[in-house]
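Student: Please take me through this model. I want the reason behind each label.

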Amino acid sequence: MNQSSLNRWLTQVFGMLLGIGIAIWILRGFGILTFLPGGIIWLFVLGAISVAIINFAQRTWWRF
């Protein structure tokens, strides 16, 4: 896996995790997914943040 495809993959994973987290948050706010605990939302958001940090570090500091 070269650097550009890894960057693309990490960016896609970031977008998916953030999108799922926001969608769950909105649906839970509307009362549709009230059975899901708030920790699930935090897992998606923190996962997206960690993938973004790894993507930034891989893009700027790591040289493959």
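Tutor: Helices are DSSP runs (H or I, at least four residues), numbered from the N terminus; strands are E runs of at least two. The model is predicted: local features need pLDDT of at least 70, side-chain atom pairs count only at pLDDT 80 or more, and totals for chains, interfaces and linings use all residues. Residues are numbered from 1 along each chain as its sequence is written, and side-chain values use heavy atoms, leaving out hydrogens and water.

Student: Where is Asn55 found, and why does Asn55 count as buried or exposed?

Tutor: Asn55 is found in helix H2. Buried means under 20% relative accessible area, exposed over 50%, partly exposed in between (1.4 Å probe, protein chains only). Asn55 has 8% relative accessibility, so Asn55 counts as buried.

Student: What does Asn55 touch, not counting residues up to four places away in sequence?

Tutor: Asn7, Leu10 and Thr11. Contact means heavy atoms within 4.5 Å.

Student: Why is Asn7 called buried or exposed?

Tutor: The relative accessible area of Asn7 is 15%, so the label is buried. Asn7 lies in helix H1. Beyond four places in sequence, Asn7 touches Asn55, Gln58 and Arg59.

Student: What covers the buried residues of H2?

Tutor: The cover includes H1. Those buried residues are Ile41, Gly47, Ala48, Val51, Asn55, Ala57 and Gln58.

Student: Why is Phe30 called buried or exposed?

Tutor: Phe30 has 64% relative accessibility, so Phe30 counts as exposed. Phe30 is found in the loop between helix H1 (3-29) and helix H2 (38-60).
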